[in-house]
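Welcome, and thanks for opening your viewer. Take your time at each stop, select what is named, and look around before moving on.

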Amino acid sequence: MKRLLFGLSLIVPLAAPAQDAKKEIEKYQQMLGEGSPAELWELEGEALWKKAQGPQNVSFEKCDLGLGAGKVAGAYARLPRYFKDTDQVQDLESRLLTCMTTLQGRSLKDATARLFGNADRPSEMEYLVAYVVGQSRGHKMAAPVSHAKERASYELGKKMFFYRAGNWDFSCASCHGEPDKRIRMQELPMLSQPAGAQKAYTTWPAYRVSNSQLKTMQWRLNDCYRQMRFPEPEFASEATIALTHYLAVTAKGAPYNGPGTKR
Amino acid sequence: MAAGPMKMRATLGSGFTDVRVLMTHPMTTAQSNQPLHFIQSVTVKQNGKTVVEAQISQAVSRNPVFTFRLKGGAKGDKIEVSWLDNKGENASIETAVA
């Protein structure tokens, strides 16, 4: 990867207009995407999905992600959604926790012991997420907003997106509410509009080359809040699910293309 | 630690075969505080015959991806890629050219 980056810096003259640099970065991202270690996470995740675990000694193969027990294909493209059994709107990570605690009979403490891993030791959650989202590749994003709780979740997420607070008085919209913004060479998609949300949401979760690791959507939001200097949001809380829901609904109609690969 | 998964794809072009292989490996460098652990050699075999013997080092990233083009080839050819690291651990994967 270092070699690729070096090559890139030779191609881009220092004074090149931002457009040219952007093109080169897109080329680099395409090269990354063609051979992404995210696929290795999908393989590990599939093995974990089928592995019997917990006091009940069962696998996730009967886990209901919204399309019925054990139906994985296309399930992620229709999340977050309302689940009758838990009477709440859930995203993928929260639903996986439900399957761990009900289906597999594990304690919440055990299920949430290691939600974010690191390069040396990725977490079970990251592997499982990689596998499940990979099974939605090509499926059009279609997170529902028909149930009253789904509408409430979407509205809460939207409100949160524009809600300014924290030490720096930031909101998600401070960085992601206007077109053509960037931090150094990192483009900031305008997530309140379909085009930006579609581009971003369909390529997350993603393998981050700089971390050598697959990162989940819950991690992405958690780190955004850290960067905004907010208090740390709770994993799979109503708030993080609502924000995910808002983004997923805004990204409606675009074919899912993850897990992605990021710098 | 047991070696993680590998993944390989071999596709036939006109007069060549494109191979892409993903490996799971920490590729720990001298800069980290952990013991050195990196892949030292990668071997590629086509129908049992060695066609590439590569020596790589710590300069290669964690979870490396290799893409290369072999001359010739035919559908169904067996491509085998294996690696050996400095601790003597190894892993291999085999696939048929599609």
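**Stop 1: a pair of facing residues**

Select Met6(B) and you will find it standing opposite Met23(B), which lies in strand 2 of chain B. Keep in mind as you look that this is a predicted model. Now widen the selection to strand 1 (residues 6-12) and strand 2 (residues 16-23) of chain B: the two run antiparallel and are joined by 7 bridges. What lies between these two strands of chain B? They form a hairpin, with 3 residues separating strand 1 from strand 2. Click on Gly15(B) in that turn, where phi is positive, at about 85 degrees.

**Stop 2: the sheet around the hairpin**

Keep strand 2 of chain B selected and add strand 5 (residues 65-71) of chain B. Here too, 7 bridges join the strands, and they run antiparallel. Two pairs are good to pick out. Thr17(B) has Leu70(B) of strand 5 as its bridge partner, and Val21(B) is matched with Phe66(B) of strand 5.

Show strands 1, 2 and 5 of chain B together. They make an open sheet of 3 strands in the order 1-2-5, with antiparallel pairing. Why is one side of strand 1 and of strand 5 left without a neighbour in the sheet? Both stand at the edges of the sheet in chain B, and each has a single partner strand, so one side of each stays without a neighbour. From one strand to the next, the twist averages 15 degrees. While you look at it, a general point may help: strands of a sheet pair through backbone hydrogen bonds, either parallel or antiparallel.

**Stop 3: a second sheet in chain B**

Next, select strands 3, 4, 6 and 7 of chain B. These 4 strands form an open sheet in the order 4-3-6-7, again with antiparallel pairing. Which strands sit at its edges? They are strand 4 (49-55) and strand 7 (90-96) of chain B, each of which pairs on one side only. Neighbouring strands in this sheet are turned against each other by 15 degrees on average, direction ignored.

Zoom in on strand 6 (residues 78-85) and strand 7 of chain B, which run antiparallel with 7 bridges joining them. One pair to click on is Leu84(B) and its bridge partner in strand 7, Asn90(B).

**Stop 4: the whole of chain B**

Zoom out until chain B fills the view. How many helices and strands does it have? Chain B has 0 helices and 7 strands, so reading along the sequence gives β-β-β-β-β-β-β. Its C-alpha trace spans about 45 × 20 × 20 Å along the principal axes.

**Stop 5: where the chains meet**

Now show both chains. Across the boundary, 11 residues of chain A are in contact with 13 residues of chain B. Select helix 3 (residues 38-49) of chain A: with 4 residues, it supplies the largest share of the side of chain A that touches chain B. By class, that side of chain A has 5 nonpolar, 2 polar and 4 charged residues.

**Stop 6: two helix crossings in chain A**

Select helix 4 (residues 92-101) and helix 6 (residues 124-134) of chain A. They pack at an angle of about 115 degrees, and their axes are 11 Å apart. That angle makes helix 4 of chain A roughly perpendicular to helix 6 of chain A. The crossing of these two helices of chain A is right-handed. To see the contact, show Leu92(A), Glu93(A) and Leu96(A) from helix 4, then Met125(A), Leu128(A), Val129(A) and Val132(A) from helix 6. This contact between helix 4 and helix 6 of chain A has 6 nonpolar, no polar and 1 charged residues.

Move on to helix 7 (residues 148-162) and helix 11 (residues 238-250) of chain A. Their axes come within 7 Å and cross at roughly 95 degrees, which makes helix 7 of chain A roughly perpendicular to helix 11 of chain A. Residues in this contact include Ser153(A), Gly157(A) and Phe161(A) of helix 7, and Ala239(A), Ala242(A) and Tyr246(A) of helix 11. By class, the contact between helix 7 and helix 11 of chain A divides into 10 nonpolar, 3 polar and 1 charged.

**Last stop: colour by confidence**

Finally, colour chain A by pLDDT. The average is 90, and 93% of the residues score at least 70. Then select residues 1-14 of chain A, where the pLDDT is below 50. Beyond near neighbours in sequence, this stretch of chain A has 12 contacts in the model. Where pLDDT is low, the predicted coordinates should not be read in detail.

Note on methods: Residues numbered from 1 in each chain as written. Chains lettered and ligands numbered in written order. Predicted model: local features only at pLDDT ≥ 70, side-chain atom pairs only at ≥ 80, totals over all residues. Pairing = 2+ DSSP bridges. Axes fitted to C-alpha atoms, helices over the stretch in contact; angles between N-to-C directions. pLDDT = per-residue confidence, 0-100. Contact = placed C-beta atoms within 7 Å. Nonpolar A, V, L, I, M, F, W, Y, C, P; charged D, E, K, R; others polar. Parallel < 35°, antiparallel > 145°, perpendicular 65-115°, else oblique. Left-handed = near helix turned anticlockwise from the far one by under 90°.
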